[in-house]
Amino acid sequence: MKKYLIGTSWKMNKTLGEALDYCAILAKGGPLPDRLQPFVIPPFTAVREVTRALQRAGLNCLTGVQNMHFADRGAFTGEISPLMVKDTGATLVEMGHSERREFFGETNETVRLKAAAALSHGLTPLICIGDSLQEKCWGVSKETVIRQMKAALAGLRPEQVAGVIIAYEPIWAIGEQGVPATPEEAQAIHRQLYHALAESYGAEIADRVPLLYGGSVNHDNALTLLALDHVDGLFVGRAAWEGESYRRLLDTIAATL
Ligand code: PGA
């Protein structure tokens, strides 16, 4: 049975002290059921300490990084290599988030290179894909996200594809101005993503790829979204930036398992 992946990226928030306070709050609630796999993606400056703090607390919470270069080393000022990510103890590598695509030049091609690099180093790519409001209005959401997903996975062997996580995050749903996808909207895209994976790699591989939904997930809509077909987890921003709030979300979901 697939685990539910419920995680958060803190984006560019939290000093080290704030990060460790958050971990202490998460840990206070005690262990979570095995079917729930939490994950936290702090800024680089806190990844190693957060990873250790969560391990010490015995929380079985994965950690990740918000970006990674695809080369092992080189003259790439300001970048972090897969080897350096491994040094932190984090296992997830987020890539393709719409904020990185919009503000930092992330493209389908860099996501593809990063996914392959992460896998070759034993790291798990968490590949974010999403349609813009304009694409939604044009009625090409499905085409957009399938194109992004296929581009990210191009050249991988089926066994490798089984090792990635996909997060559908409609751009129009993310952040303060975002409107969460309705269950119908999320359902339609998740079904299409699953079928696209099954068509390319077979149902057995498609069944192993967790498909997360992200974009204005909160305490009110989390359970409904999680109950949809082919929604294997949630990728949460603001609603999980306070330790108490994330812990409460995890406990609410745990109570339904
Ligand atoms: P949000 O962010 O939950 O604050 O909308 C989601 C995301 O960017 O992953």
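The lining of the largest pocket holds six nonpolar, five polar and four charged residues, and that mixed wall is where our tour opens. Keep in mind as you click along that this is a predicted model.

**Stop 1: the largest pocket**

Select Lys11, Met12, Gln66, Arg100 and Phe104. Of the 15 residues that line the largest pocket, these lie nearest its centre. The space they point you to has a volume of about 400 Å³.

Now colour helix 2 (44–56) and helix 4. Each of these two helices supplies at least two residues of the lining. Which element gives the largest share of this lining? Helix 4 does, with three residues.

**Stop 2: the second largest pocket**

Keep Lys11 selected and add Ile174, Gly175, Gly237 and Arg238. These five are the ones nearest the centre of the second largest pocket, which has 19 lining residues. About 220 Å³ of space lies here. Try colouring the lining by class: you should find six nonpolar, eight polar and five charged residues.

What takes up the space of this pocket? Show the ligand, and you will see that the ligand fills that role.

**Stop 3: the ligand and its shell**

With the ligand on screen, select the residues that surround it: Lys11, His97, Glu169, Ala173, Ile174, Gly175, Gly215, Ser216, Gly237 and Arg238. By class, this shell has two nonpolar, five polar and three charged residues.

Next, zoom in on three residues of the shell and draw a distance line for each:

- Lys11: an N or O atom of its side chain is 2.6 Å from an oxygen atom of the ligand.
- Ser216: here a polar backbone atom is 2.9 Å from an oxygen atom of the ligand.
- Gly237: a backbone N or O atom lies 2.9 Å from a ligand oxygen.

How much of the ligand's surface does the protein bury? Taken alone, the ligand exposes 280 Å², and 99% of that is buried by the protein. Switch on the protein surface to look at this cover for yourself.

**Stop 4: the cavity**

Our last stop is a cavity. Rolling a probe the size of a water molecule over the atoms shows where empty space is left. How many cavities of 30 Å³ or more are counted? The count comes to one, and the volume of the largest cavity is about 50 Å³.

To find the largest cavity, select its lining: Gly96, His97, Ser98, Arg101, Cys128, Ile129, Gly130, Gln148, Glu169 and Ile171. Two elements give two or more residues to this lining, namely helix 4 (98–103) and strand 5 (124–129). By class, the lining has three nonpolar, five polar and two charged residues.

Before you close the viewer, click on His97 and Glu169 once more. Both help line the largest cavity, and both are also among the residues around the ligand.

Methods: Residues are numbered from 1 along each chain as its sequence is written. This is a predicted model: local features need pLDDT of at least 70, side-chain atom pairs count only at pLDDT 80 or more; totals for chains, interfaces and linings use all residues. Side-chain values use heavy atoms; hydrogens and water are left out. On a 1 Å grid over the protein atoms alone, a cavity is a set of points where a 1.4 Å probe fits but cannot get out, and a pocket is an open set with protein on both sides within 12 Å along at least five of seven lines; lining residues have an atom within 4 Å of a point. Grid points are joined across faces, edges and corners, and a volume is the space filled by probe spheres set on the points. Helices (H or I, at least four residues) and strands (E, at least two) are DSSP runs, numbered from the N terminus. Ala, Val, Leu, Ile, Met, Phe, Trp, Tyr, Cys and Pro count as nonpolar, Asp, Glu, Lys and Arg as charged, and the others, Gly among them, as polar. A residue is near a molecule or strand if one of its heavy atoms lies within 4 Å of it. A polar contact is a pair of N or O atoms within 3.5 Å; within protein, one must be able to donate a hydrogen and the other to accept it, and residues adjacent in sequence count only if both atoms are side-chain atoms. Accessible areas come from the Shrake-Rupley method with a 1.4 Å probe; for residues, only the protein chains shown count as cover. A molecule sits in a cavity or pocket if more than half of its atoms lie within 2 Å of its grid points.
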